[in-house]
Amino acid sequence: MKGIAVTGMGIISAIGSNLEEIYSSLISGKDGISYPEILATNHTNLPVGEIKLSDLELSEILNLPKAHFYTRTALLAMHAIKELLKKSELAQFPEDTGFISGTSVGGIDKIEAHFYDFQDIVEYRKYIQAQHPGFTTEKIAEYFGLTQTVTTISTACSSSANAIMMGAQLIESGRLKRVIVGGSDCLTKFTLNGFSSLKILSENKNRPFDNDREGLNLGEAAAYLLLEAEDCIKGKPVLGRVKGYGNSNDAFHQTASSENGEGAFQAISKAIKKAGILSSEIDYINVHGTATRNNDLSESVALKRIFGRNVPDFSSTKSFTGHSLGAAGAVEAVFSLLSIQNNEIFPNLNFDTEMSETGLTPVTNFQKKKIRTVLSNSFGFGGNCTSLIFQKDA
Amino acid sequence: MRKLYINGISSISPQNEAIFKGSTPQQYENNILPAQAQDYKSLLQPMMLRRMSKGVKMGLFCAKKALDEAEVKIPDVILVGTGQGCMEDTEKFLSNMLESEEGLLSPTSFIQSTHNTVAGQIALDLNCNGHNMTFTQNSVSFESALIDALLQQNDQNIKNILVGGVDETSNELTGFQRLDGQIKKEGHRNLELYSSQTSGTIISEAAAFFALGSEKLKHSYAEFKDVEIINSLDEKILESRIENFLKRNDLLVSQIDAVILGKNGDIRFDQYYDQLQNGMFSATCQLGYKHLVGDNNAISSYAFWLASKILKEKKIPRIFKLNALNCARPRNILIYNQYLGRNHGLILLQDL
Amino acid sequence: MSDLHTELKKSIIEQLNLEDMEVSEIENDEHLFGDGLGLDSIDALELIVLLEKDYGIKLTDPNQGKEIFNSINTMADFIEKNRTR
């Protein structure tokens, strides 16, 4: 089994508006963590991974008519998918292309902005449906003329990793030939205040896997992959393959991860089994690594349970982007594919001291290394744990 | 290909499950229909129950009942379709945040506002480590979960799949749907939904869950055959899409014994159903359910419940009928639903 | 029992939705977490909010909560010493 071919990708995040910009930030160690300027919040002391383009600017880039009603999550997604389309050399997506989008926030930005306006101001009522994440997906689908299999996965911070997994399964089962998978989430007051109420936001730049980590920085991003069946590839370059995947529920707590990292352990095990590889074949792990006390410890324990003393090179790229929630899995899938293509490991920034409990040290400097197989982890609220394995083509 | 049998079912809706046995239907007039009260304490622990919104309660309660009927303790997979998700908690956190202008906020409602709260709580309650997914795609949320059920059963190790649909209502957020034309402006009697000449529909809260298994049991209900979702489609090609779907399952239109339609009394979009009623299914027994249980993003799970009951008990209660045709021995049932002319879903069930 | 003890019990029942519980059912020295009342880490966060809202006490490190929220007695002691309102 070769795995499902990835034949296109597109991305926007706090470290760049396209693949080239993002790659250049990753190799030069330039993070995208700043104080909020676009998001209108009182919490100006909380660093975020914000994309410094307003909704209006994004709309102009996308040539949208003035009176549109796209949510910010949709705008970011459209920006990313447009890049994917452009680079795929397709004029437009073929009619049978499926679309599976992961999102946690959806269109909450529009609901929080207009909650008190709906009663009196008729023009804002077009956003009433935005509470429902599928509305955002539908608007994106409309923009690209995707009319067939279109759905939304919303499993908090593993949403887009799950979308990638489902896309791979749809192709494997023969139900689809071609599918756009990934996810998008924008910064909102709702999520910033929510994570703040959970006391897991850091007032400094996030420090994944560090003993003195203080919490996460919220981010925003969109990233999508094009997956295609073998008979659609026809000599097109294959960027990498979705070789393995697995989802498991921690079944421990609504938000916290278990001490033994059971969900993570099972998700990684499933992905390795599906890929039909040995754990020792994994060259690099793009860890979930949110930089909360709880996640990083639980994830370390799971890694040690899987790999024993030989934990492969790993890093959390959330130190660059912040935690873009539902989009994170797809963002890190793109980073994993960049690692594979370029034989490079992007560093875990802001790391100083290893965790006393597990003593694991991430890769802290940009590194050249032969990379064939990458494991990418995404864990979310509700105990939702997903692991994906990407591999070099052939 | 392995088969998927419906081995346990449970529904909570504005109607009692006994409506299938001919009990008098509940009547509503204000266009937002509440689910029937349940003895939640009989199955859910009080310490868990205290934080649960209606949707979580309904979902977990139905999940446990369906699994119980199928004699499954822990399923291998948990799949939930919920369009609006946990609206009550979303609304609670949102309004507290706006009123306090981002002041000091209590975290519980934020935690519970994520769309996968129901699926997560079921996993937590059952201590189930299996594949756990939540789909939120308007009127095909439940259908999307069914697609995943078909994908997961490709894995030979998967024996039992829990799949369900749930949607709750909340004061403000559901109320807004009166403003944008989703809910009918004038109060409308639910039982007279189909004679409505106005736009909009009646909205409800409901849940229905199913234990699907790869093994047939003595008391299995039916076989779940296939599902398809189509995001947008011209009315003109609806019939040919349905024909293709049936063909894929080696069936002709004439072999469909009953068609369950998601007609919701919205004159702007009911023509999709009218066309089927007057066209390809004019000689088929036609059923409706939204005059009883209203509409919401996961309500096709109620149609799935209804089809399961019909195929097991081999009878069709009159209250669901949209035409006068009878069907002595229902074998194949097709479910078709859409909302606002988008997100079309097709589901096929077959008797055993 | 002081007024503060009763007040605390009332707000805990209300804030944590302990619907079926009466003030008289919570003992002053009973463990609030684990095998006592059975509260969990989400409740701990709610109690932090309660301290700040009702008594003007800001806990910066959630880990501090462990000792403070041991029982109604320990909570009341801590509040007496640190309250700003």
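## A predicted model of chains A, B and C

In strand β7 of chain A, Gly219(A) is the bridge partner of Gly49(A). The model described here is a predicted one. The strand that pairs with β7(A) here is β3 of chain A, residues 48–49, and the two run in the parallel sense over two bridges. Both strands belong to an open sheet of three strands in chain A, with the order β2-β3-β7 and mixed pairing. Its edges are β2 (33–34) and β7 (218–219) of chain A, each of which pairs on one side only.

Another part of chain A to look at is strand β14, residues 373–380. Eight of its eight residues are buried, so the strand counts as mostly covered. In a regular strand the side chains alternate between the two faces of the sheet. In β14(A), Thr373(A), Leu375(A), Asn377(A) and Phe379(A) point one way, while Val374(A), Ser376(A), Ser378(A) and Gly380(A) point the other way, and all of them are buried.

Which strands pair with β14(A)? One is strand β10 of chain A, residues 284–286, which runs parallel to β14(A) and is joined to it by three bridges. Within this pairing, Asn286(A) has Ser376(A) as its bridge partner in β14(A). Another is strand β15 of chain A, residues 384–391, which pairs with β14(A) in the antiparallel sense over eight bridges. Here Asn377(A) is matched with Ser387(A), its bridge partner in β15(A). β14(A) and β15(A) form a hairpin with three residues between them. In the turn, Gly382(A) has a positive phi of about 70 degrees.

Chain A also contains helix α12, residues 328–342. At 1.5 Å a residue, its 15 residues should span 21 Å, and the end C-alpha atoms are indeed 21 Å apart, which agrees. Like β14(A), which is mostly covered, helix α12(A) is mostly covered, with 13 of its 15 residues buried. Asn343(A) follows α12(A) and has a positive phi, near 55 degrees.

The next topic is how chain A meets chain B. The contact takes in 54 residues of chain A and 51 residues of chain B. On the chain A side, at least two residues each come from α4 (108–114), α5 (133–143), β5 (150–153), α6 (159–172), α7 (189–197), β9 (240–249) and α9 (262–275) of chain A. By class, the residues of chain A that touch chain B divide into 16 nonpolar, 33 polar and five charged.

Within chain B, helix α7 covers residues 171–179, and its buried residues are Leu173(B), Thr174(B), Phe176(B) and Gln177(B). These residues lie on the same side of α7(B), because they cover an arc of only 140 degrees around the axis. What do the buried residues of α7(B) pack against? Their partners are β2 (32–33), α3 (87–99) and β6 (203–204) of chain B. Just after the helix, Gly181(B) takes a positive phi of about 85 degrees.

A residue to follow elsewhere in chain B is Tyr336(B), in strand β11, residues 332–339. Is Tyr336(B) buried or exposed? It is buried, because 22 other C-beta atoms lie within 10 Å of its own, and the cut-off for a buried residue is 20 or more. Leaving aside neighbours within four places in sequence, Tyr336(B) is in contact with Val259(B), Leu261(B), Gly262(B), Leu276(B) and Leu346(B). Ser23(B) is 313 residues away from Tyr336(B) along the chain, and the C-alpha atoms of the two are separated by 26 Å.

Chain C remains. Its secondary structure comes to four helices and zero strands, and from the N terminus on the elements run α-α-α-α. The C-alpha trace spans about 30 × 25 × 20 Å along its principal axes. A compact globule of 85 residues would have a radius of gyration near 12 Å, and chain C has 12 Å, which agrees. Of the contacts in chain C with a separation of 6 or more, 55% are between residues 24 or more positions apart. Buried residues make up 25% of the 85 residues in chain C.

Chain C also touches chain A, in a contact that takes four residues from chain A and four residues from chain C. The chain A side of this contact has two nonpolar, one polar and one charged residues.

Note on methods:
Residues are numbered from 1 along each chain as its sequence is written. Chains are lettered from A and ligands numbered from 1 in the order in which they are written. This is a predicted model: local features need pLDDT of at least 70, side-chain atom pairs count only at pLDDT 80 or more; totals for chains, interfaces and linings use all residues. The radius of gyration is taken over C-alpha atoms; the globule rule is 2.2 Å times the number of residues to the power 0.38. A residue is buried if 20 or more other C-beta atoms lie within 10 Å of its own, exposed if 12 or fewer, and partly exposed in between; C-beta atoms are placed from the backbone. Two residues are in contact if their C-beta atoms, placed from the backbone, lie within 7 Å. Ala, Val, Leu, Ile, Met, Phe, Trp, Tyr, Cys and Pro count as nonpolar, Asp, Glu, Lys and Arg as charged, and the others, Gly among them, as polar. The arc is that of the directions from the helix axis to the C-beta atoms. Two strands pair if DSSP finds at least two bridges between them. The expected span of a helix is 1.5 Å times one less than its number of residues.
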